[in-house]
Amino acid sequence: MAYVIGVDVGGTFTDAVLDDDSGSVIAAKAPSTPPDYSRGVLDVLELLAEQLGRPVEAMLAETHHVAHGTTSSLNALVTRQVPDVGFLTTKGHRDSIFIMNVEGRYLGRSPHELQHVLAQDKQHALLPKRHALEITERVDRDGDVIVALDEDEVRRQVETLRAEGIRAIAVSLLWAFRNPVHEQRIRELVREIDPEVYVALSSEVSPRIREFARNSTTIMSTQVGPGLRDYLTNLETSLRERGLSGPLLVMQSNGGAVAAAEAPSQAISTVGSVLTGGVVGSTQLGRRLGHRNIISTDVGGTTFLVGLIVDGEPERDTTTVINHHPINVPTLRVHAIGSGGGAIAWVDAGGNLRIGPHSAGAVPGPACYDQTGVEPTNTDANLVLGILPTTGLLGGRKALSPERARDAIRTRIAEPLNLSVEDAAAAIHAAQNAQTGDLLRKTVVEAGYDPRNFVLYAFGGSGPAFCANYARQLGVEEVVVPLGPVASAFSAYGLAASDIALAQELSDPAQLPVDPARAEKNFAQLEDQVRQGLDRQGLKFENVEIVREIDMRYAMQLAEVTVAVADGPLGQAALDGAAQRFETKYAELYGQGSGFREAGIQAITYRVRGRGILPFSPELPPLATADGPAPSSGSRPVYLEVGQGFVDTPIYDYAALRAGHVIPGPAVIEVPTTTVVVPGGRTGTVDELGNLHITTTRTGA
């Protein structure tokens, strides 16, 4: 027997999914344990072993690998809870990270914030100026050394940083992506002085043109690298002590995993890793169900996440923005807002009801958890409305207090708005639906897609309670709630289903037509780096897939578009084809006629993505076929629509449902790790894998 385990560490809960090579899948859920999240990981593994009826040591001894997604890197950067780091750069260029290429005033800001120019500032520097030091050296744009590295100066600057207590240093020299020799020598010198100091090089972390983005990417990777290294080292040690024989893998933002030992050197690649698990899982399930256009929505305890799958492939980005800084990280495109089950409801100074972005998290948690939390949350509202069972969550293991929920809503929402507790709870529920609907419109409609051509997948502990309503706001006709054995642990299922994915890139700007030999040399170098990286993962692959890409732009513009390059020998025809795809995609993104071919086209950055296909990944097992109507486990008053009040609503126990069961709305389906709402006018149907499809009720049905 061989197992694959996916572990999704969220801000509120830690989920896990285990698959074996005989087609069985089980899932577990446990509270997250900040600040030491590894305890929550060990807790949820114990729950998996308990379901297997085996000691955790025996389970881990037969585990092929553990795929782990973590929010620790992203949370640390967003909240600025990172250690002080040093920064070494070329003399005369230190202030580039403080000037911020002007972008620091607007990157990551909402349209509303951009309208208030006087309220904008750049008071969000990554580090104080005394920790940003300069080095005498110079490499030109062709990679030629024109000023030698002053090694004595390097030693003095490193000692200056050490005297400040700095234990991690980011090195980003001008044009180092064209020739990294000086950066590599600086690392050698640092290690001679103090081998315990963590060093990150821009030529390895982000070998891409544009100074500010390369610097910020390298600095942020340095900020989270040591913490990620320590966390993964401790976690892997604990797992080894409990018998884990296979590797511990860490999910990356690009939708693939990497060995834990490799992750800290490219720490920035794990930012958003836990956000991509659901998109990977949706892609896998979509292939099984025949869905190629999917809106993937994951509503956990802290966040609401949206990703798009178009024509069977997740949408990707080459950059992201964190705290107003551009980050060069190939990533699956995922939009997020703080609107999960633990999002706090509050009334602003103008008397308006607001939801999030702050979350009650795992500690203290929603008021109904009875863990000293006093702020009302979406979860508290759902409990008051009768959507959640008063018997508690996690199959009754997580007790809930309706009294604490009512008290929190009464004092913080109902009384300030002059509403009853029930109407205030309904208002919270409706506001959450409106807020998530807004993000969906931004993600789908503003990207140029018609939501009517998509199926919406909804998962996470909170998503199934809201999904039918926010899908209705968007105009989506069909919602799929992945249930079966994975239920709210669907992101963990995506982690377990992920393969090993690595990416390497290199900027080599040139006007087209580019010499095919020059382009082929770049791709060959990058492919060799990717294949060597795959070889270091300690796993055997069924197959290795290689994808080649070029970021292109029109001359005199900054907007770059990523296009695929055909496999095989790279001749002029392949490059001409890539240029044609660039123009087509540019027109799709920015409008017909917006291109400027007369200015010429430039190839900017070359990229190779490699995916090592693992021997097996989770396949949801079939569910037994129904031999009668869906059995109801009773009813209770549930408040689903503002103005309608409580309606006696049938309750269904998911464990008693079978493939083919049809559930007319309104109805509530209770799953140990989540609750599904089927509103009036909608019908839920259980498919052969145990997933629930929610569609508009047909007239006469």
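**Exercise 1. Find which residue of E35 is the bridge partner of Arg 682.**

In strand E35, the partner that bridges to Arg 682 is Thr 696. This belongs to a predicted model, in which local features need pLDDT of at least 70 and side-chain atom pairs count only at pLDDT 80 or more, while totals for chains, interfaces and linings use all residues. Residues are numbered from 1 along each chain as its sequence is written, and side-chain values use heavy atoms, with hydrogens and water left out.

The next step is to place this bridge in its pairing: E34 and strand E35 (residues 692-696) pair in the antiparallel sense over five bridges, where two strands pair if DSSP finds at least two bridges between them. Strands (E, at least two residues) and helices (H or I, at least four) are DSSP runs, numbered from the N terminus. The hairpin of E34 and E35 has five residues between the strands, and in that hairpin Gly 690 takes a positive phi near 95 degrees.

**Exercise 2. Work out which strand, besides E35, pairs with E34, and how many residues of E34 are buried.**

Strand E31 (residues 662-664) also pairs with E34 in the antiparallel sense, over three bridges, and Pro 664 has Thr 683 of E34 as its bridge partner. Strand E34 (residues 682-686) has four of its five residues buried, so it is largely enclosed by the rest of the structure; buried means under 20% relative accessible area, exposed over 50%, and partly exposed in between, with a 1.4 Å probe and protein chains only.

**Exercise 3. Describe the open sheet that contains E9, and name the helices that lie on it.**

Begin with the strand order, which is E6-E5-E9-E10 in an open sheet of four strands with parallel pairing. The edges are strand E6 (132-135) and strand E10 (198-201), each of which pairs on one side only, and the twist averages 25 degrees from one strand to the next. Strand E9 (residues 168-172) and E10 run parallel and are joined by four bridges, with Tyr 198 of E10 as the bridge partner of Ala 168.

Then add the helices: helix H6 (residues 151-163) packs on the sheet and touches strand E5 (86-90), E6 and E9, and its direction makes about 170 degrees with that of E6. H9 lies across E5, E9 and E10, running at about 155 degrees to E9. Contact here means heavy atoms within 4.5 Å, and angles run from 0 to 180 degrees between N-to-C directions, with axes fitted to C-alpha atoms, for helices over the stretch in contact.

**Exercise 4. Determine how H1 is oriented against H9, and what kinds of residues make the contact.**

Helix H1 (residues 38-52) and helix H9 (residues 211-241) pack at about 30 degrees, with their axes 10 Å apart. The two helices are therefore roughly parallel to each other; angles under 35 degrees count as roughly parallel, over 145 as roughly antiparallel, 65 to 115 as roughly perpendicular and the rest as oblique.

The contact residues include Val 41 and Leu 42 of H1, and Tyr 231 and Leu 235 of H9. By kind, the residues of this contact divide into six nonpolar, two polar and no charged; Ala, Val, Leu, Ile, Met, Phe, Trp, Tyr, Cys and Pro count as nonpolar, Asp, Glu, Lys and Arg as charged, and the others, Gly among them, as polar.
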